[in-house]
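Q: Please go through this model and say what stands behind each label given to its residues and helices. For each one, set the value against the definition.

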Amino acid sequence: MTHLKTLVRALPVAVAAGLVTAGSLLAQTAAVAPPSSARITKEIAWLADDAREGRGVNTAGLDQAADFIADAFADIGLEPGGTDGYFQTFQLDPNSPALAHTDFGGATVKNVVGILRGSGTLAGEVVVLGAHYDHLGHGDHGYESSSRDTAKVKGIQNGADDNASGTVALIETARSLAARTAPDRRTFVFVAFTAEELGAIGSAYYVEHPAIPLDSTDVMLNFDMVGRLSGDSLTVGGTGSAEELPTALDRANVKYRLNLGMQADPWGSSDHAVFYAKGIPVLHFYTQLHQDYHTAADDWDKINMAGVAEIVGLASDVAWNLATRPDEVTYVAFERPAPPAGGKRASLGTMPDMVSSGLEGMRVQGVREGTAAAEAGIKAGDVILKIGDVVVKDVYGLQEALTTYKTGETVTIVFLRDGERMETKATLK
Ligand SMILES: [Zn+2]
């Protein structure tokens with residue numbers, strides 16, 4: 001997941017309470033073998049191995065991961081959907097503002113695209129499934145600003161949860177769907193996106209160069225960070241983007257009994273938002289942030305492999321339902337979040353601790369050099385209570401403060417350091 005937007009995104013989770021009889025859906029899927037946790041473990045461990053170099057742009061590890069995905073698509077029997085076999089190769093635009101402070105302009109990258117042709121009267125319509133396979137590399141060359149590691153603990157950012165887990169979920173969902181048949185079924189397009197961490201660049205390229213024209217695409221399902229299933233709680237974003245999506249999820253979940261937290265809002269911090277911006281309903285499967293998010297500690301041995309298998313099962317059944325229903329789902333418009341007033345968003349330069357400490361305030365995990373926070377003397381471990389007039393109860397309070405105040409404004413920051421209440425002034429950048 002992309003770092004900054006993530007902070008803005010997550011909203012309180014509403015727990016879905018709908019219960020629907022299992023009926024024909026269970027009968028339809030009963031013959032399909034459950035995904036194998038052993039294979040999932042092997043695949044995630046391989047993608048998140050140090051040898052993949054954190055799957056950063058301009059690393060050999062990123063290309064190895066692309067080859068791995070293409071081989072899996074071939075093994076499953078997907079038709080190549082790229083311009084060079086399964087690969088959709090392109091150059092990162094050196095003039096892109098997203099790349100201004102990186103070494104990545106002009107780099108060659110690739111999405112990996114596989115197609116499972118539909119059948120009967122629905123074959124001309126498309127369900128897209130996607131997951132990004134890139135991550136933060138070594139946390140340098142332009143990835144520094146996304147990494148939450150402080151200088152002391154830098155290392156290869158393996159991104160096991162973000163997003164080896166989603167990449168493998170995509171592969172295993174393809175495997176599950178390829179084993180099913182129906183007389184009338186929509187075509188599935190599976191896309192492993194590149195350069196998501198630099199701002200959803202791979203998915204933005206895909207929607208401008210789709211394997212099958214986008215106006216045939218009914219719905220898009222995205223896996224981004226599905227590796228930390230805890231208490232069977234799975235968040236699904238975008239459930240409000242089509243009228244039928246909550247029911248489709250509830251029906252499939254009769255078999256899995258996960259605690260589904262449905263978030264209606266389809267805008268968010270990952271590739272699905274790019275599809276939603278094109279008028280396509282979306283779902284985003286994810287298992288929430290954790291303290292290893294965007295650090296070198298996001299490793300494969302912390303992944304709930306059986307949980308990934310459960311999510312693959314659920315997502316496969318949802319995708320099958322969406323691909324075989326007679327009618328298209330009904331798109332619902334959500335207003336795009338407003339960009340910050342006055343152009344550039346103000347920045348403080350703190351890396352928030354994403355794990356709720358039970359304290360009021362926002363605990364600072366790290367401070368980036370040369371930022372407003374660094375100049376104001378804020379340090380890792382401080383708990384910010386107030387910025388200007390904005391009371392900061394958690395990370396969302398920080399976001400609110402940064403939309404209230406503008407670049408160049410000086411604000412008083414009230415914070416706790418070792419339990420002592422202190423104040424400083426910071427000029428936002
Ligand atoms: Zn990420």
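A: A residue is called buried if 20 or more other C-beta atoms lie within 10 Å of its own, exposed if 12 or fewer, and partly exposed in between, with C-beta atoms placed from the backbone. This is a predicted model, in which local features need pLDDT of at least 70 and side-chain atom pairs count only at pLDDT 80 or more, while totals for chains, interfaces and linings use all residues. Residues are numbered from 1 along each chain as its sequence is written.

Q: What makes Asp418 exposed or buried?
A: Asp418 has 8 C-beta neighbours inside 10 Å. The limit for exposed is 12 or fewer, so Asp418 counts as exposed. Asp418 is in the loop between strand 15 (410–417) and strand 16 (420–427); strands (E, at least two residues) and helices (H or I, at least four) are DSSP runs numbered from the N terminus.

Q: What is notable about phi of Asp418?
A: Phi of Asp418 is near 50°, a positive value in a residue other than glycine. Most residues other than glycine have a negative phi.

Q: Where does Met225 lie, and what is its phi?
A: Met225 is in the loop between strand 7 (217–223) and strand 8 (233–237). Its phi is positive, about 70°, although Met225 is not a glycine.

Q: How do you know whether Met225 is buried or exposed?
A: Around Met225 there are 30 other C-beta atoms within 10 Å. Buried asks for 20 or more, so Met225 is buried.

Q: Why is the peptide bond from Asp162 to Asn163 singled out?
A: That bond is cis, with omega near 5°. Most peptide bonds are trans. Asn163 belongs to helix 5 (residues 160–178).

Q: Which class does Arg175 of helix 5 fall into, buried or exposed?
A: Arg175 has 22 other C-beta atoms within 10 Å and is therefore buried. Ala72, in helix 4 (residues 60–76), is buried with 24 such atoms. The C-alpha atoms of Ala72 and Arg175 are separated by 8.9 Å, with their positions 103 residues apart along the chain. Arg175 and Ser316 are 141 residues apart along the chain, and their C-alpha atoms are separated by 9.3 Å.

Q: What makes Pro35 buried or exposed, and what does Pro35 touch?
A: Pro35 lies in the loop between helix 2 (23–29) and helix 3. With 23 C-beta neighbours inside 10 Å, Pro35 passes the limit of 20 and counts as buried. Two residues are in contact if their C-beta atoms lie within 7 Å. Leaving out residues up to four places away in sequence, Pro35 touches Ile40, Glu172, Ser176, Ala309, Val312 and Gly313. From Pro35 to Arg175 the C-alpha distance is 8.4 Å, at 140 residues apart in sequence.

Q: Why is Tyr256 of helix 7 put in its burial class?
A: Tyr256 has 15 other C-beta atoms within 10 Å, a count between the two limits, so it is partly exposed. Beyond residues up to four places away in sequence, Tyr256 touches Glu310, Gly313 and Leu314.

Q: Why are helix 3 and helix 9 called roughly perpendicular?
A: The axes of helix 3 (residues 37–47) and helix 9 cross at roughly 110° and come within 9 Å; axes are lines fitted to C-alpha atoms, over the stretch in contact for helices, and angles run from 0 to 180 degrees between N-to-C directions. Angles under 35 degrees count as roughly parallel, over 145 as roughly antiparallel, 65 to 115 as roughly perpendicular and the rest as oblique. The two helices are therefore roughly perpendicular to each other. Ser37, Ile40 and Thr41 of helix 3 make the contact with Met305, Ala306, Val308 and Ala309 of helix 9.

Q: What is meant by a nonpolar core, and which residues have the most contacts inside the largest one?
A: A nonpolar core is a set of buried Ala, Val, Leu, Ile, Met, Phe, Trp, Tyr and Cys residues joined through C-beta atoms within 7 Å. The largest has 94 residues, and Ile69, Ala169, Val308, Ile311 and Ala319 have the most contacts inside it. Helix 9 (residues 305–324) gives the most to this core, 12 residues.
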